[in-house]
Amino acid sequence: MNSNLSELHAEDNIAVLTIDNGPKNLLSEPEFIDRRELLGWLDENPQIGALVITGKGRHFSHGADVSLFGTSDTSVLSQKLESARELLRTIEKLPIITAAAINGGCFGGGLEIALSCQFRIASPKALLGLTEIMHGVVPGMGGMERLYRLLGKEKALQMILQGEMISASDANALGLVTKLSEGKDSFEETMTFVRELLEGKSLTQIHAIVDTINLAADGNTDPSKGKFEACLTEAFNS
């Protein structure tokens, strides 16, 4: 499926969403795939247990096309940003495994997309950063709060205020990325990583685990209620 600035296809039980917009995969539209189309596609492919997001070519995404900042109507841009925020909230709450395969530059909105995933695997040559402050604005797709939840207040504030681009090794040391790939291209290692997490587990188990963690993160007081029973019923009736 092709939508806006991306392409979506299935490789067995893994969905692969590829950002595709020029050499830097710029986000000329904040909502890089239509949220409803993504959810519809997932409904039509019920075998999917994981989603891997990557960028076509050398880079994950350099984020927004900054040349559009001064020409966009603020009210229209605000609506577009809210659609993008809703899309990333949707990805964040999917009851499946999600991972970003990061090569090259992963800046601004690109990193905000990667932060909506549960796991981030970066090539050793990747560079990451929320660089919006260098253009007189701040991250607009939920990246600031996600970075805070991941790294804590001090590290998140420093990284955002400085607008710094950090190396993959530094990102790994901070806990911004899950692991570094051994090769220059992180995609195949991300696919292997996800397959290992999926191996030997039913979709009911995957959904139960991920949904429980998502609910717990939202403060639900009994997030795993009924999950054991659902898995037990499936295991003994299959």
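The radius of gyration I will quote is taken over C-alpha atoms, and the rule for a globule is 2.2 Å times the number of residues to the power 0.38. For 238 residues, a compact globule would therefore have a radius of gyration near 18 Å, and the protein chain has 18 Å, which agrees. Please keep in mind that this is a predicted model.

Some overall figures, then. Along the principal axes, the C-alpha atoms of the protein chain fill a box of roughly 60 × 35 × 35 Å. The chain has nine helices and 10 strands. Of its 238 residues, 44% count as buried. If we take contacts between residues at least 6 apart in sequence, 71% of them join residues at least 24 apart.

I will start at the N terminus. Strand S1, residues 2–3, pairs with strand S2, residues 6–11, in the antiparallel sense, and two bridges hold that pairing. One of the positions to look at is Asn 2, whose bridge partner in S2 is Glu 7. The two strands form a hairpin with two residues between them. In that turn, Asn 4 has a positive phi of about 55°.

S2 then pairs with strand S3, residues 14–19, again in the antiparallel sense, this time over six bridges. Ala 10 stands opposite Ala 15 in S3. S2 and S3 also form a hairpin with two residues between them, and here Asp 12 in the turn has a positive phi of about 60°.

Stay with S3 for a moment, where Ile 14 is found. Is Ile 14 buried or exposed? Its relative accessible area is 0%, and the cut-off for buried is under 20%, so Ile 14 is buried. What does Ile 14 touch, leaving aside residues up to four places away in sequence? The list is His 9, Ile 48, Ala 50, Val 52, Met 191, Val 194, Arg 195 and Leu 198. As a separate point on distances, Ile 14 and Glu 29 are 15 residues apart in sequence, and their C-alpha atoms are 25 Å apart in space.

Next, strand S5, residues 97–102. This strand is mostly covered, with six of its six residues buried. Ile 97, Ala 99 and Ala 101 point one way from S5, whereas Thr 98, Ala 100 and Ile 102 point the other way, and all are buried.

Which strands does S5 pair with? Strand S4, residues 50–55, is joined to S5 by four bridges, and the two run parallel. Strand S7, residues 119–122, is also joined to S5 by four bridges, and this pair runs parallel as well. Ala 100 appears in both pairings: Ile 53 stands opposite Ala 100, and the bridge partner of Ala 100 in S7 is Arg 120.

Thr 98 has its place in S5 too. Its relative accessibility is 1%, so Thr 98 counts as buried. Not counting residues up to four places away in sequence, Thr 98 touches Leu 51, Ile 91, Ser 116, Cys 117, Gln 118 and Phe 119.

Now to another set of strands. Three of them form an open sheet, in the order S6-S8-S9, with mixed pairing. Strand S6, 105–107, and strand S9, 166–167, stand at the edges with a single partner strand each, so one side of each is left without a neighbour in the sheet. S6 is joined to strand S8, residues 127–129, by three bridges, and those two strands run parallel. Within that pairing, Gly 105 has Leu 127 in S8 as its bridge partner.

Last, a pair of helices. Two packed helices are described by the angle between their axes and the distance between the axes. For helix H1, residues 35–44, and helix H2, residues 74–93, the axes come within 9 Å and cross at roughly 25°. Angles under 35 degrees count as roughly parallel, and H1 and H2 are therefore roughly parallel to each other.

Which residues meet there? From H1 they are Arg 35, Leu 38 and Leu 39, and from H2 they are Glu 86, Leu 87, Thr 90 and Ile 91. By class, this contact of H1 with H2 has four nonpolar, one polar and two charged residues. Ile 91 has come up before, as one of the residues that Thr 98 touches.

That is where I will stop.

Methods:
Residues are numbered from 1 along each chain as its sequence is written. This is a predicted model: local features need pLDDT of at least 70, side-chain atom pairs count only at pLDDT 80 or more; totals for chains, interfaces and linings use all residues. Side-chain values use heavy atoms; hydrogens and water are left out. Two strands pair if DSSP finds at least two bridges between them. Axes are lines fitted to C-alpha atoms, for helices over the stretch in contact, and angles run from 0 to 180 degrees between N-to-C directions. Angles under 35 degrees count as roughly parallel, over 145 as roughly antiparallel, 65 to 115 as roughly perpendicular and the rest as oblique. Contact means heavy atoms within 4.5 Å. Ala, Val, Leu, Ile, Met, Phe, Trp, Tyr, Cys and Pro count as nonpolar, Asp, Glu, Lys and Arg as charged, and the others, Gly among them, as polar. Buried means under 20% relative accessible area, exposed over 50%, partly exposed in between (1.4 Å probe, protein chains only).
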